[in-house]
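Here's a quick tour for anyone meeting this protein for the first time. Take a look at the model, then read on.

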Amino acid sequence: MALSLLVVSISFYLKEYISPDSDLYATLSLVSVAGVVVMVIAFSLGLGAMPWIIMSEILPINIKGLAGSFATLANWFFSWLVTLTANLLLDWSSGGTFTIYTAVCVFTAGFVAIWVPETKGKTLEEIQQFFR
């Protein structure tokens, strides 16, 4: 995701210095679209499922309903926030917008790598022990 968003942001930065009539400008436009499509595919195959997987594997049975509802609310709230601010950010700077999204993806990947435990072959009690 981060690599595809980086490609999109670079293409937007380069488009600022190229004439809209040139062939390179049209190519960069196609690269931007391809980068967004690759990001959506990567999100769907990877990070998009992360909240649902984490909820199902680390939440204890006694709070799964309430905590799952809160996690779902948080997930949809932040989706709404990104959607709300996307046009404002794109009006400010297209390249800057996708650079911010790239930074968020890199931060998220680091966060998941460091703080999300591996749960394969572990019981719920072993997973809960990780958080104590």
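Let's start with a span of the chain: residues 24–54 are 87% helix and 0% strand, with the end C-alpha atoms 43 Å apart. Helices here are DSSP runs of H or I with at least four residues, strands are runs of E with at least two, and both are numbered from the N terminus. This is a predicted model, where local features need pLDDT of at least 70, side-chain atom pairs count only at pLDDT 80 or more, and totals for chains, interfaces and linings use all residues. Residues are numbered from 1 along each chain as its sequence is written, and side-chain values use heavy atoms, with hydrogens and water left out.

That span comes from a UniProt record: an unreviewed entry lists "transmembrane region" for residues 24–54, 66–86 and 98–116. The entry also gives residues 1–120 as "domain: Major facilitator superfamily (MFS) profile". Such annotations may be inferred rather than shown by experiment. Here are three listed spans together:

| Residues | Helix | Strand | End C-alpha distance |
|---|---|---|---|
| 1–120 | 81% | 0% | 24 Å |
| 24–54 | 87% | 0% | 43 Å |
| 98–116 | 95% | 0% | 25 Å |

How sure is the predictor? The mean pLDDT (confidence per residue, from 0 to 100) is 90, and 100% of the residues reach 70 or more. Among the elements, helix 1 (residues 2–15) has the highest mean, 96, while helix 6 (residues 124–130) has the lowest, 77.

Now for the inside. The largest nonpolar core has 7 residues: Leu-5, Val-8, Met-39, Ala-86, Phe-98, Tyr-101 and Cys-105. Helix 1 and helix 5 (94–115) each supply at least two of them, and helix 5 gives the most, with 3 residues. A core like this joins buried Ala, Val, Leu, Ile, Met, Phe, Trp, Tyr and Cys residues through side-chain atoms within 4.5 Å.

Leu-14 also sits in helix 1, but counts as partly exposed because its relative accessible area is 42% (buried is under 20%, exposed over 50%, partly exposed in between, with a 1.4 Å probe and protein chains only). The C-alpha atoms of Leu-14 and Leu-28 are 7.9 Å apart, though 14 residues separate them along the chain.

Finally, Phe-77 belongs to helix 4 (residues 64–92) and is partly exposed, at 41% relative accessibility.

How values were computed
pLDDT is the predictor's confidence in each residue, from 0 to 100.
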